[in-house]
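Please examine the sequence and the three-dimensional structure shown here. The paragraphs that follow begin with the surroundings of a single residue and then turn to the chain as a whole.

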Amino acid sequence: MGDLDLSSKAFTKKQRDKKKLVFTDEEIGKIVEYIYNNPTSITGLGILLAFQTGLRPGELVSLKWSDVGERLNVCKSEVRYKQEDGTYQLEVIDSTKTEAGMREVVLTDEARKLLKQIRLDCWRLW
């Protein structure tokens with residue numbers, strides 16, 4: 001083990017600027033206003049639902065209608081990994097990013113309205 005040369009950064013947790021990780025209230029307001037004024041995609045409704053529930057993108061896209069009830073059952077996530085040929089593969093796994101991610105999310109009235117709209121839009125797409 002004496003010959004093992006590890007960088008001092010090998011065990012250092014990477015610090016991230018919290019200002020770059022979340023939207024400000026002003027940014028959220030602009031995004032919400034834009035989506036409501038340009039209701040052209042289910043993606044926009046998904047973004048609004050993420051704001052209402054706090055779901056991560058991978059959790060949001062892996063939801064099934066069976067996960068929706070009085071509360072939202074978060075128990076899956078979508079992961080992306082690089083294949084040997086260099087392309088990326090998306091896969092839904094039966095776990096979340098962390099153990100704490102397995103949870104039930106209380107639905108606000110606005111979140112319920114968004115889910116109803118998403119369901120209507122999904123039926124129109126089929």
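In this predicted model, Glu-59 touches Val-74, Lys-76, Ser-77, Thr-96, Gly-101 and Arg-103, if residues up to four places away in sequence are left aside. Glu-59 itself belongs to helix α4, which covers residues 57-61. Is Glu-59 buried or exposed? Its relative accessible area is 1%, and because a residue under 20% counts as buried, Glu-59 is classed as buried. The side chain of Glu-59 also has a polar partner close by in sequence: one of its polar atoms lies 3.0 Å from the backbone nitrogen of Arg-56.

One of the residues that Glu-59 touches, Val-74, offers a second view of this region. Val-74 is part of strand β1, formed by residues 71-74. With a relative accessible area of 2%, Val-74 is likewise buried. Which residues does Val-74 touch, not counting those up to four places away in sequence? They are Leu-55, Glu-59, Thr-96, Gly-101, Met-102, Arg-103 and Val-105. Thr-96, Gly-101 and Arg-103 thus appear in the list for Val-74 and also in the list for Glu-59. The pair Val-74 and Thr-96 shows how the fold brings together separate parts of the sequence: these residues are 22 apart along the chain, and 7.8 Å separates their C-alpha atoms.

Attention may now move to two helices that precede α4 in the chain. Helix α2 comprises residues 25-37 and helix α3 residues 42-53; they pack at an angle of about 145°, and their axes are 10 Å apart. The crossing of α2 and α3 is left-handed. On the α2 side, the residues in contact are Ile-28, Ile-31, Val-32, Ile-35 and Tyr-36, while α3 contributes Gly-44, Leu-45, Ile-47, Leu-48 and Phe-51. Of the residues in this contact, 9 are nonpolar, 1 is polar and none is charged.

These elements can finally be placed within the whole chain. The protein has 5 helices and 4 strands. Read from the N terminus, their order is α-α-α-α-β-β-β-β-α. How much of the chain is buried? Of its 126 residues, 21% count as buried. The exposed area of the chain is about 10,500 Å², and 53% of that area comes from carbon and sulfur atoms. Among the contacts with a separation of 6 or more, 46% join residues that are 24 or more positions apart.

Key:
Residues numbered from 1 in each chain as written. Predicted model: local features only at pLDDT ≥ 70, side-chain atom pairs only at ≥ 80, totals over all residues. Heavy atoms only, no water. Buried < 20%, exposed > 50% of the residue type's maximum accessible area, 1.4 Å probe, protein only. Contact = heavy atoms within 4.5 Å. Areas by Shrake-Rupley, 256 points an atom, 1.4 Å probe, with all protein chains shown as cover. Axes fitted to C-alpha atoms, helices over the stretch in contact; angles between N-to-C directions. Left-handed = near helix turned anticlockwise from the far one by under 90°. Nonpolar A, V, L, I, M, F, W, Y, C, P; charged D, E, K, R; others polar. Polar contact = N/O pair within 3.5 Å; in protein donor to acceptor, adjacent residues only side chain to side chain.
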